[in-house]
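Please open the model in your viewer, set the cysteine side chains to sticks, and follow the stops below in order.

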Amino acid sequence: MASLASHKCLLFSLVILGIWVSVSTASRDLSEASMVDRHEKWMAQHGRVYKDAAEKLHRFKIFKANVEYIEAFNSAGVHKYKLGANQFADLTNEEFRASYNGFRPSKSNAAKAADRSSFKYENFTAAPASMDWRTKGAVTPIKNQGECGCCWAFSAVASTEGIHKLSTGKLISLSEQELVDCDTSGEDQGCNGGLMDNAFEFIMKNKGLTTEAKYPYTATDGTCSSKKASTSAATITGYEDVPANNEASLLKAVANQPVSVAIDAGDSDFQLYSSGVFTGECGTELDHGVTAVGYGKASDGTKYWLVKNSWGTSWGEKGYIRMERDVDAEEGLCGIAMQASYPTA
Ligand SMILES: *[C@@H]1O[C@H](CO)[C@@H](O)[C@H](O)[C@H]1NC(C)=O
């Protein structure tokens, strides 16, 4: 009897298992079908076209893995920020790192920075509780560097646009492409990376930059056009480095003007960031140049830096990210306080 009982029990289990398998297979088919559908919709939304069916299948698998990661992350409900299937959702993190950043920290620059110690906001104490340079008309609309590692140009241009507005009252969108094409005699290498401080050096020597309209962005390395670059629309008189690894100093600077900052933007959570206050994971291997255009405190009390990125408006909060401020590490979150600098005018 005992063996029969256990036999029955086994049969029963098999029936249950059979039902469970067929149900879960059906729901897996369903979710696979809906994932295919989501990928199609996402492709249409982002204008993505693949060269053949094999490429499409390859991209679908990456998209699916990313979406599953995003959904598990968001539904865990333990994070202060959310992830989303933005334009980078069909890229592996390795591909993303390889194509979309472009900040190149260099030893010679670090040495140069050490000699240049003046910090005009050293004794500034009147920083308001929050700042948003967008509301003061000192920030141009979000731009998109595309598949060209010239974040350094976008970062330097954004802080230059900011100081130009603050010193002249005029907000003018300036040319990143002029930096990509013409700032080539030093260490800056167009789509292969560069440094904001070197861009400031170029802008000073070049006596300014022309407008975005006169020298439009192409997202590729081009030949310097002296014709397009012939009229300077805005210039700077110098630039200074914010004392490194000190968020209090960074605050003094950002309270006064938009500031170029270098960050480690290589992690997949940064790749897929969608909204909220980003708290990491991230390291301090600086690989991306962006612009701190304000700071504040979220409703739950989390302090943040308001950061303008150059990945279009479909990434993050309409192209911006709020990054946690005043963290325990002196480098700041993702190294934001390590190599900050701003132009003077
Ligand atoms: C800040 O104050 C100190 C002490 O008065 C002074 O020596 C220093 O030059 C000031 N720094 C700036 C940038 O004005």
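What is the handedness of the disulfide of Cys282 and Cys334, judged from the torsion about the S-S bond? The model is a predicted one, and in it the torsion about this bond is about -90°, so the disulfide is left-handed. Select the two residues together and you will find their sulfur atoms 2.1 Å apart. Tracing the chain outward from the bond, you will see Cys282 in the loop between β5 (273–278) and β6 (288–297), while Cys334 sits in the loop between β8 (320–324) and β9 (341–344), so that this link connects distant parts of the chain, 52 residues apart. If you add a surface, note that Cys334 has 2% relative accessibility and therefore counts as buried.

Next, select Cys148 and Cys191, which are joined by a disulfide with an S to S distance of 2.1 Å. Here the torsion about the S-S bond is about -95°, so this disulfide, too, is left-handed. Cys148 belongs to the loop between β2 (131–132) and α5 (151–168), and Cys191 to the loop between α6 (176–182) and α7 (196–205), so the pair ties together parts that are 43 residues apart in sequence. Both Cys148 and Cys191 are buried.

Keep Cys148 in view and add Cys150, whose sulfur has that of Cys148 as its closest cysteine sulfur, at 3.3 Å, which is too far for a bond, since a disulfide requires sulfur atoms within 2.5 Å. Cys150 has 0% relative accessibility and so counts as buried. Moving on to Cys151, you will find that it takes part in no disulfide, the nearest cysteine sulfur being that of Cys150, 7.3 Å away. Cys151 likewise counts as buried, because its relative accessibility is 0%.

For the last bond, select Cys182 and Cys224, where a disulfide with an S to S distance of 2.1 Å joins the two residues. The angle about this S-S bond is 90°, and the link is right-handed. Cys182 lies in helix α6 and Cys224 in the loop between α7 and β3 (238–241), so the pair ties together parts that are 42 residues apart in sequence. With the surface still shown, compare the two ends of the bond: Cys182, at 14% relative accessibility, counts as buried, whereas Cys224, at 39%, counts as partly exposed.

Finally, select every bonded cysteine at once. The structure holds three disulfides, and when the bonded cysteines of the chain are numbered in sequence order, the pairing reads 1-3, 2-4, 5-6.

Definitions and conventions:
Residues are numbered from 1 along each chain as its sequence is written. This is a predicted model: local features need pLDDT of at least 70, side-chain atom pairs count only at pLDDT 80 or more; totals for chains, interfaces and linings use all residues. Side-chain values use heavy atoms; hydrogens and water are left out. Helices (H or I, at least four residues) and strands (E, at least two) are DSSP runs, numbered from the N terminus. Buried means under 20% relative accessible area, exposed over 50%, partly exposed in between (1.4 Å probe, protein chains only).
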